[in-house]
Amino acid sequence: MVEKKILSELYETIGKEKVEINKNFLVTYSYDSTGQKHLPDIIVFPHNEEDVKEILKIASKYMIPVTPRGAGVGYSGGAVPVKGGISLVFTKMNRIINIDKKNMLAVVEPGVITQNLHVECERAGLFYPPDPASLKTSTLGGNVSENAGGPRCFKYGVTSNYVLALEGYLISGEKVKFGTSTIKDVSGYDIKHLITGSEGTLIVITRIFLRLIPKPDKDILVKLNFNSLWSGSDFINKVIGANLSPSVLEFIDRTSIEAVYDYINIPLNKKLNSVVLIEFDGSVSEIEKRISKLRTMINNSDILSYEIAESSEEKEKLWSIRRNISPAIANIKPKKINEDIAVPIGEIPDTVRYISKLSEETGIKIIMFGHFGDGNIHTNLMIDPENREEVKKCEYLLDKIFKHVISVNGTISGEHGIGISKKAFLKYQYGETEIELFKRIKKVFDPHGLLNPGKIF
């Protein structure tokens, strides 16, 4: 139950129309893509940074937990208000403030949809490379908070590679800015990169300064079909070794293919067991050279077939296969445990084999796809949460998979973050000393633990 004096103060300070306590709203903002739920006490929709400042001052005054939220498409529970309090929803702060062609940067509010920025940049002849699979719905504030990746990471890197500066507020309502509008900046600690990927636990971001690059002249997408799981994952390593400089290297396994082909009505070749998507971008002459080298590799490899997409329609058709995997596999079992492990690229084939053997051993279907070019293997354990035996096997599998990943110097999360889903496994990657340092950093920014509490630790 929300105290009347707190509601009155919010109404008077930012306006009643920006505050909701209706049960339907509370339920709507109680979960993210993990499916885990916890009702907030209040939903607040700030329209500008002044609103954010006043909301945080009130939260700090009354010791109310605050959970920042974008589109709620995260896979780690980062937007779930596990301690109740205020769900701070940024959908109204969605302005692209400036696309600066001269200085090649964009200034945006956190509620901007990722794809909307892509479109505006390309109209200006510029390019913002990060492209999470959820780009049509995910917000840039969420991308920064989770340090989102995407298919183009292999060539262009992740969100943090494009964050020049961040403005926002501490839980106390004090304004801060870290970074500047230059590519180089070594004045003081690199706090902007500490905040990027901090899952909304350190500050509330209100303005993001992003580096842009020139738009490539052309891009081509190639779909390669393989008759085995191993030949597809091995081919990715060969492409990397051949120095073809693709912008995208994506892998899809047999189970994903079956699900997505059925989902979007594509006939399935029974011999097809894995798919690799390769994108090249750059000048026309550069792409022609790379395609020529790729054709030579194809002729010397065990490939069922391949197709090259050049037009927007052809490329969109191929990309729809990759982007529809998540909704397609949701039909296989009532619940998918979506993990985003990452390993050094040389460890990809052996890790795929290891996980496949675990799947055979336990009888739990494990679906693998993702950004294999940078070692990011999306590992989906398909279970019925009402089946105790399957739940127990899932716990066993997660323990084995995470321990294997750490044994080959990988990470338990390549792009989704820890949130509430993986905090029990953080100790596999870090020792007590490192985790204690993380907690001390959190306390410097947020002494009373009010900002997105219950996450990471």
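In what order do the seven strands of the open sheet sit? I started my notebook here, keeping in mind that this is a predicted model.

**Entry 1: the sheet.** I read the order off as β15-β12-β14-β13-β17-β18-β16, with antiparallel pairing. I then looked up the edges, which are β15 (303-309) and β16 (335-342), and each of these pairs on one side only. I also checked the twist: neighbouring strands are turned by 15° against each other on average, ignoring direction.

**Entry 2: walking in from β15.** I followed β15 to its partner β12, which covers residues 218-226. The two pair in the antiparallel sense, and I noted six bridges. To get my bearings here I used N225, which stands opposite S305 in β15.

From β12 I went on to β14 and found nine bridges, antiparallel once more. My marker for this pair is D219, which has D281 of β14 opposite it.

On to β13 (residues 248-253), which six bridges join to β14, the two running antiparallel. Here I picked out L249, which stands opposite I278 in β14.

**Entry 3: a closer look at β14.** Is β14 enclosed or open to the outside? I went through the strand and found nine of its nine residues buried, so β14 is largely enclosed by the rest of the structure. I sorted the side chains by direction too. S274, V276, I278, F280 and G282 point one way, while V275, L277, E279 and D281 point the other way. All of them are buried, and that goes for E279 and D281 as well.

**Entry 4: the helix across the sheet.** Which strands does α10 lie across? I traced this helix over residues 284-299 and found it across β12, β14 (274-282) and β15. Against β14 it runs at about 155°.

Next I checked α10 against α8 (residues 229-241), where the axes come within 12 Å and cross at roughly 140°. That makes α8 oblique to α10, since the cut-off for roughly antiparallel is over 145 degrees. I put the crossing down as right-handed. F235, K238 and V239 of α8 make the contact with L294, M297 and I298 of α10. By class I get five nonpolar residues, no polar ones and one charged.

**Entry 5: α1 and α3.** I moved on to another helix pair, α1 (residues 4-14) and α3 (residues 49-62). Their axes come within 10 Å and cross at roughly 160°, and therefore I call the two roughly antiparallel. α1 passes α3 in a right-handed crossing.

Which residues meet there? From α1 I listed K5, I6, E9, L10, T13 and I14, and from α3 D51, E54, I55, I58, K61 and Y62. The class count for this contact is six nonpolar, one polar and five charged.

**Entry 6: R152.** Is R152 buried or exposed? I found this arginine in the loop between α5 (140-146) and α6 (153-156). Its relative accessibility is 16%, and because the cut-off for buried is under 20%, R152 counts as buried.

I listed what R152 touches, leaving out residues up to four places away in sequence: H118, F127, Y128, P129, D131, G157, S247, V248 and E279. Two of these contacts tie back to my earlier pages. V248 belongs to the stretch 248-253 that makes up β13, and E279 is one of the buried residues of β14.

Terms used. Residues numbered from 1 in each chain as written. Predicted model: local features only at pLDDT ≥ 70, side-chain atom pairs only at ≥ 80, totals over all residues. Heavy atoms only, no water. Pairing = 2+ DSSP bridges. Helix = DSSP H or I, 4+ residues; strand = E, 2+ residues; numbered from the N terminus. Axes fitted to C-alpha atoms, helices over the stretch in contact; angles between N-to-C directions. Contact = heavy atoms within 4.5 Å. Parallel < 35°, antiparallel > 145°, perpendicular 65-115°, else oblique. Left-handed = near helix turned anticlockwise from the far one by under 90°. Nonpolar A, V, L, I, M, F, W, Y, C, P; charged D, E, K, R; others polar. Buried < 20%, exposed > 50% of the residue type's maximum accessible area, 1.4 Å probe, protein only.
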